[in-house]
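Hello,

Here is the structure I promised to pass on to you. Have a look at it first, and then read my notes below with the model open beside you.

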Amino acid sequence: MQRRSLLKYLSMSTAGAAFSFGFPSLAAAIDGQSSNKQHGVDWGYSDENGPKLWGEMTPDYQVCQMGKQQSPIDLDVAVHTENIGSLRFSYHSTKLHITNNGHTILLHVDRGNSITLDNKKFDLLQFHFHHPSEHTVKGKSYPMELHLVHRNAEGELAVLAVFLKQGKENRALQPIWKDLPKTKNPEHTISGSVNLIELLPPEKKAYRYFGSLTTPPCSEIVNWIVFEEPVQVSTQQLTAFASIFPQNARPVQQRNHRFLLES
Ligand SMILES: [Zn+2]
């Protein structure tokens, strides 16, 4: 199959994304807000409220169980292609607003940061972290994974994922890590700015596939770009996050008949 038609296939399933925005729980999830209050259901990662139970908690979360394009997945056999669609960055030094929302450490980003994917502009809304990684590479997980969540005017999402591995201290993360909120808390603005491009690995080879949010309501509206090269974080940085979130990763889901592209 030609690259062009593969890409067409990959973006096909995003039709209907705008329609999904009728569900308040989806808008809240993309924004990083807990939707507990709307349903009286507190999803999480424990035996009582973990990923195996999400699909039964409320009809809004059914796709977590029934969906055929769920994320994360194991990144194994992929179709190699010269590039996975035109990906361009317009990231800048920016103010960040940090919160512990009970599920992760999440940073809202001021307007003005975006990517262009397949000639469509996607604005960066927020980024957050998982421990351990959600995606795996040929069965192997990394200590952490960063997700940068973008949305375009049609309501389609593009999430960039970066693996974090143990190594030297990550200076780009320092302004965030110096004051990690240990318990669920209201959002506050952190001092200084972060140059977002420094959060990404220098080498931009990546996997691409179509999937879902990895948290309820698990909506299947996400163009996933997962960078192959991990970035480093120190043992202290890992421990600091892990002490707040010992486990906030959904296990890998069935790939079913989906294409996985690799650049
Ligand atoms: Zn995530």
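**What I found**

Let me begin with one residue: Arg255 sits in the loop between α8 and β17. Is Arg255 buried or partly exposed? Arg255 has 19 C-beta neighbours inside 10 Å, and a residue needs 20 or more to be buried, so Arg255 counts as partly exposed. Its C-alpha atom is separated by 8.9 Å from that of Pro72, although the two positions lie 183 residues apart in chain numbering terms.

Arg250 belongs to that loop too, which runs between α8 (235-244) and β17 (261-262). Here the count comes out on the other side of the cut-off: Arg250 counts as buried because it has 21 C-beta neighbours inside 10 Å. Arg250 and Tyr45 are 205 residues apart along the chain, yet 7.7 Å separates their C-alpha atoms. If you set aside neighbours within four places in sequence, the contacts of Arg250 are Pro51, Pro72, Glu134 and Thr214.

**The whole chain**

Please keep in mind that this is a predicted model. The pLDDT averages 90 over the chain, and 88% of the residues score at least 70. Residues 12-21 need some care, as pLDDT stays under 50 there. Where pLDDT is low, the predicted coordinates should not be read in detail. The model has 17 contacts beyond four places in sequence for residues 12-21.

The chain contains eight helices and 17 strands. Of its 263 residues, 38% are buried. Among contacts with a separation of 6 or more, 69% are between residues 24 or more positions apart.

**The core and strand β11**

Which residues touch the most other members of the largest nonpolar core? They are Val159, Ala161 and Leu164, in a core of 55 residues. Strand β11 (residues 157-166) gives the most to this core, contributing eight residues. As background, nonpolar side chains tend to be buried together in soluble globular proteins.

Why is β11 described as largely enclosed by the rest of the structure? The reason is that eight of its ten residues are buried. Leu164 is a good residue to click on: leaving out residues up to four places away in sequence, it touches Tyr142, Pro143, Met144, Glu145, Leu146, Pro230, Val231 and Val233.

You can then follow the pairings of β11 one by one:

- Strand β10 (residues 144-151) runs antiparallel to β11, and eight bridges join them. His147 stands opposite Ala161 in β11. The hairpin of β10 and β11 has five residues between the strands, and Gly155 takes a positive phi near 90° there.
- Strand β15 (residues 222-227) pairs with β11 in the parallel sense, over five bridges. Ala161 turns up again here, opposite Val226 in β15.
- Strand β16 (residues 231-233) also runs parallel to β11, joined by three bridges. In this pairing Gln166 stands opposite Val233.

**His150 in strand β10**

Back in β10, take a look at His150. How many other C-beta atoms lie within 10 Å of His150? There are 25, so His150 is buried. The C-alpha atoms of His150 and Leu124 are separated by 4.2 Å, with the two residues 26 apart along the chain. Beyond its neighbours within four places in sequence, His150 is in contact with Ser114, Ile115, Phe122, Asp123, Leu124, Leu125, Leu157 and Ala158.

**Strand β6 and its partners**

The last stop is strand β6 (residues 105-109), which is mostly covered, with four of its five residues buried. Strand β5 (residues 96-100) runs antiparallel to β6, and five bridges join the two. His108 in β6 is the bridge partner of His97. Together β5 and β6 form a hairpin with four residues between them, and Gly102 in the turn has a positive phi of about 90°.

Strand β8 (residues 120-130) runs antiparallel to β6 as well, with three bridges joining them. Here Leu107 stands opposite Phe127 in β8.

Enjoy exploring it, and write back whenever you like.

Best wishes

Terms used:
Residues are numbered from 1 along each chain as its sequence is written. This is a predicted model: local features need pLDDT of at least 70, side-chain atom pairs count only at pLDDT 80 or more; totals for chains, interfaces and linings use all residues. A residue is buried if 20 or more other C-beta atoms lie within 10 Å of its own, exposed if 12 or fewer, and partly exposed in between; C-beta atoms are placed from the backbone. Two residues are in contact if their C-beta atoms, placed from the backbone, lie within 7 Å. A nonpolar core is a set of buried Ala, Val, Leu, Ile, Met, Phe, Trp, Tyr and Cys residues joined through C-beta atoms within 7 Å. Two strands pair if DSSP finds at least two bridges between them. pLDDT is the predictor's confidence in each residue, from 0 to 100.
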